[in-house]
Amino acid sequence: MDGLVDSLMEELNCNVVFTIPVFGGIDVLESVVVTWIITAVIMIATLILVHGLKVRQINHKQAALESGICFLYDFFDDLLGKDGRAYIPYLITVVIYIGIANMIGLFGMKSPTKDLNVTASLAVMSIVLVEIAGIRKKGVKNWLKSFAEPIPIVAPINVLELFIRPLSLCMRLFGNVLGAVVVMALIKYLIPVIVPLPFSFYFDIFDGVIQAYVFVFLTSLYIKEAIE
């Protein structure tokens with residue numbers, strides 16, 4: 001049992017990779033470094049995929065790229081409508097990042113979404129975007145008035161919801177990733193040879209993609225509500 005606990009703690013610990021010698025020393029965690037790697041991979045892949053695009057007589061690479069982007073764009077467009085199209089690039093970026101972050105364990109790196117700081121940052125960014133969307137659509141005055149709808153007595157509850165939503169997004173993503181870590185640690189502890197492999201593929205690929213989908217789906221619903 002001690003070995004199981006040690007395995008869990010090793011998975012969940014956020015190791016300091018290096019320290020930046022300014023302001024008394026800033027520790028750079030492993031989750032931050034892996035996020036930098038994911039960002040670099042996305043940027044390099046983007047540059048490679050968009051190189052040599054054509055209007056006519058496109059190749060298979062461009063056709064596959066356009067199909068993927070159109071699928072994601074149409075998915076969010078159906079959720080948000082024409083008033084929410086300005087937020088689709090953010091949502092596509094977030095779903096790609098979370099998807100890769102959840103699957104990066106297949107390459108021997110620790111997923112950044114195992115760090116509560118990462119999931120909290122993603123949640124705060126999304127909720128800030130939601131409130132900005134509401135302000136852009138309604139104006140500051142009407143946005144403030146919306147907290148007193150449908151009746152003024154519910155205003156404290158609506159204000160409290162500003163803090164509940166990011167907490168919900170954060171803990172849902174982190175909790176599901178944490179649950180996968182616990183289950184995988186139990187499987188490796190009880191049956192350490194062959195069986196963990198398919199389960200690892202399930203949690204890293206299928207479950208990872210599902211969690212990315214849930215996160216951006218809820219964010220889309222919040223934006224849709226804010227701009228209605």
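In the predicted model, the chain exposes about 13,900 Å² of accessible surface, and carbon and sulfur atoms supply 71% of that area. Buried residues make up 35% of the 228 residues in the chain. Among the contacts with a sequence separation of 6 or more, 65% are accounted for by residues 24 or more positions apart. The secondary structure consists of seven helices and two strands, and these elements follow the order α-β-β-α-α-α-α-α-α from the N terminus on.

Aromatic side chains were examined by a search of the whole structure, which finds four aromatic pairs. In one of these, the ring centres of Phe 75 and Phe 76 lie 5.1 Å apart with their planes at 70°, and the pair is therefore edge-to-face, the planes being over 60 degrees apart. The two partners are residues of unlike burial: Phe 75 counts as partly exposed because its relative accessibility is 24%, which falls between the limits of 20% and 50%, whereas Phe 76, at 1% relative accessibility, counts as buried. Phe 75 and Phe 76 also belong to a cluster, in which ring pairs link them with Tyr 213 and Phe 217.

An edge-to-face arrangement is also found for Trp 143 and Phe 147, whose rings are 5.1 Å apart from centre to centre and have an angle of 80° between their planes. Both residues of this pair lie under the 20% limit and so count as buried, Trp 143 with a relative accessibility of 17% and Phe 147 with a relative accessible area of 12%.

A further site concerns a charged residue, Asp 115, which is located in the loop between helix H4, spanning residues 88-103, and helix H5, spanning residues 116-145. Asp 115 is buried and yet has no salt bridge. The nearest side chain of opposite charge belongs to Lys 110 and is 9.5 Å away; since a salt bridge requires a separation within 4 Å, Lys 110 does not qualify as a partner. The side chain of Asp 115 does, however, reach the backbone nitrogen of Asn 117, at 3.0 Å, a separation that falls within the 3.5 Å limit for a polar contact. Asp 115 thus combines a buried position without a salt bridge with a side-chain approach to the backbone of Asn 117.

Technical notes
Residues are numbered from 1 along each chain as its sequence is written. Side-chain values use heavy atoms; hydrogens and water are left out. Helices (H or I, at least four residues) and strands (E, at least two) are DSSP runs, numbered from the N terminus. Buried means under 20% relative accessible area, exposed over 50%, partly exposed in between (1.4 Å probe, protein chains only). Lys and Arg count as positive and Asp and Glu as negative; His and the chain ends are not counted. A polar contact is a pair of N or O atoms within 3.5 Å; within protein, one must be able to donate a hydrogen and the other to accept it, and residues adjacent in sequence count only if both atoms are side-chain atoms. Rings of Phe, Tyr and Trp (its six-membered ring) pair if their centres lie within 6.5 Å; planes under 30 degrees apart count as stacked, over 60 as edge-to-face and the rest as tilted. Contact means heavy atoms within 4.5 Å. Accessible areas come from the Shrake-Rupley method with a 1.4 Å probe; for residues, only the protein chains shown count as cover.
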